[in-house]
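Got the viewer open? Take a moment to find the selection tool, and then let's go for a walk.

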Amino acid sequence: MIKYSLRCSHGHAFESWFDNSADYDAKAAEGALSCPECGDSAISKSIMAPNIGKAAPQPAPACGMGGCGAGACAFANS
Ligand SMILES: [Zn+2]
């Protein structure tokens, strides 16, 4: 499944899930997409920042007082 940020010709932004990019293309081609606000079927796909090529910094794991998770915790042995 893939989530796209979509936008109608009136500028309403919304999000929708698709099986894959071909699923989006097929639905867009047959006019199956419509704006939930105004019903406009002129939907375009917003540019989304890809999650590849640039690793987001990993947040520190949330550790409970009693440790967390079978040695997987980065702080368990420090
Ligand atoms: Zn709209």
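This tour goes from the whole chain to a metal site and then to some aromatic rings.

**Before you click**

You're looking at a predicted model, where local features need pLDDT of at least 70, side-chain atom pairs count only at pLDDT 80 or more, and totals for chains, interfaces and linings use all residues. Residues are numbered from 1 along each chain as its sequence is written, and side-chain values use heavy atoms, with hydrogens and water left out.

**Stop 1: the whole chain**

Switch to cartoon view. You should find 1 helix and 3 strands, in the order β-β-α-β along the sequence. Here helices (H or I, at least four residues) and strands (E, at least two) are DSSP runs, numbered from the N terminus.

Now show the surface. The protein exposes about 5,900 Å², with 55% of that supplied by carbon and sulfur atoms; these areas come from the Shrake-Rupley method with a 1.4 Å probe, and for residues only the protein chains shown count as cover. Of the 78 residues, 18% count as buried. Buried means under 20% relative accessible area, exposed means over 50%, and partly exposed is in between (1.4 Å probe, protein chains only).

**Stop 2: the zinc ion**

Which protein atoms are the donors of the zinc ion? Select Cys 8 (SG), His 12 (ND1), Cys 35 (SG) and Cys 38 (SG), and you'll see them 2.0 to 2.3 Å from the metal. Donors are N, O and S atoms within 2.8 Å of the metal (3.2 Å for Na, K and Ca); water is not among the atoms, so sites may look incomplete.

Try the angles next: they run from 106 to 114 degrees among the 4 donor atoms, and the site is tetrahedral. Four donors get that label if all angles lie between 85 and 135 degrees. The spacing of the donor residues in sequence is C-x3-H-x22-C-x2-C.

Keep just Cys 8 and Cys 38 lit up. This pair links distant parts of the chain, 30 residues apart: Cys 8 is in strand E1 (residues 2-8), and Cys 38 is in the loop between helix H1 (21-29) and strand E3 (43-45). Cys 8 is buried at a relative accessible area of 5%, whereas Cys 38 is partly exposed at 36%.

**Stop 3: the rings**

A pair of aromatic rings is described by the distance of the centres and the angle of the planes. Rings of Phe, Tyr and Trp (its six-membered ring) pair if their centres lie within 6.5 Å; planes under 30 degrees apart count as stacked, over 60 as edge-to-face and the rest as tilted. The count here is 3 aromatic pairs.

Select Tyr 4 and Tyr 24: they sit edge-to-face, 5.3 Å centre to centre, with 70 degrees between the planes. Tyr 4 is in strand E1 and Tyr 24 in helix H1, so the pair ties together parts 20 residues apart in sequence. Add Phe 18: its ring centre is 5.3 Å from that of Tyr 24 and the planes are at 85 degrees, so this pair is edge-to-face too. Ring pairs link Tyr 4, Phe 18 and Tyr 24 into a cluster.

**Stop 4: Phe 14**

Finish in strand E2 (residues 13-18), where you'll find Phe 14. Phe 14 counts as buried, at 14% relative accessibility. Leaving aside neighbours within four places in sequence, its contacts (heavy atoms within 4.5 Å) include Tyr 4, Cys 8, Cys 35 and Ile 43.

Terms used:
Tetrahedral: all angles 85-135°; square planar, octahedral: opposite > 155°, others 65-115°.
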